[in-house]
Amino acid sequence: MTLHVYRVNRDGAVTKDFGTVDVKGKETPLPTRDAYPPCECPRRRAAQTATR
């Protein structure tokens with residue numbers, strides 16, 4: 001992926017232009033899950049238990 005990177009101030013004016021940056025991704029895509037909920041980490045499970 002190619003990105004053009006620049007910094008802007010709070011008014012939206014470009015203050016510094018870093019130019020074009022090439023970003024390489026992973027060779028294989030992340031696996032997709034058909035299960036719901038998508039996250040089964042302990043923190044998520046604890047939050048679900050507390051709201052029931």
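**Figure 1. Surface and overall make-up of the predicted protein chain.** The accessible surface of the protein chain adds up to about 5,300 Å². Carbon and sulfur atoms hold 54% of that area. How much of the chain is buried? Buried residues account for 4% of its 52 residues. As for layout, the protein chain has one helix and two strands, and reading from the N terminus the order is β-β-α. Looking at contacts with a separation of 6 or more, 0% of them link residues 24 or more positions apart.

**Figure 2. Confidence along the predicted chain.** The mean pLDDT of the protein chain is 77, and 58% of the residues reach at least 70. Which elements sit at the two ends of the confidence scale? Strand β1 has the highest mean pLDDT among the elements, at 93, while helix α1 (residues 42-51) has the lowest, at 62.

**Figure 3. The β1-β2 hairpin.** Here β1 and β2 run antiparallel, and seven bridges join the two. One pairing to pick out is R7, whose bridge partner in β2 is K16. Five residues separate the strands of the hairpin. Within the turn, G12 has a positive phi, about 90 degrees.

**Figure 4. A13 in the loop between β1 and β2.** Is A13 buried, partly exposed or exposed? Its relative accessible area is 37%, so A13 counts as partly exposed; the band for that label starts at 20% and stops at 50%. What does A13 touch, once neighbours within four places in sequence are set aside? Its contacts are then R7 and V8. R7 has already turned up in the hairpin view, as the residue bridged to K16 in β2.

**Figure 5. A nonpolar patch on the surface.** Six side chains' worth of names go on this one: M1, L3, V5, F18, V21 and V23 make a nonpolar surface patch of about 500 Å². Which elements give two or more residues to the patch? They are β1 (2-8) and β2 (14-22), the strands that pair up in the hairpin.

**Figure 6. V5, one of the patch residues.** V5 lies in strand β1. Its relative accessibility is 32%, so V5 counts as partly exposed. Why can V5 belong to a patch at that value? Patch residues need over 30% relative accessible area, and V5 is at 32%, so V5 meets that cut-off. V5 also sits in the element with the highest mean pLDDT, β1.

Terms used: Residues numbered from 1 in each chain as written. Predicted model: local features only at pLDDT ≥ 70, side-chain atom pairs only at ≥ 80, totals over all residues. Heavy atoms only, no water. Patch = residues over 30% accessible without salt bridge, like charges linked within 9 Å, V, L, I, M, F, W, Y side chains within 5 Å. Areas by Shrake-Rupley, 256 points an atom, 1.4 Å probe, with all protein chains shown as cover. Salt bridge = Lys/Arg side-chain N within 4 Å of Asp/Glu carboxyl O. Helix = DSSP H or I, 4+ residues; strand = E, 2+ residues; numbered from the N terminus. Buried < 20%, exposed > 50% of the residue type's maximum accessible area, 1.4 Å probe, protein only. Contact = heavy atoms within 4.5 Å. pLDDT = per-residue confidence, 0-100. Pairing = 2+ DSSP bridges.
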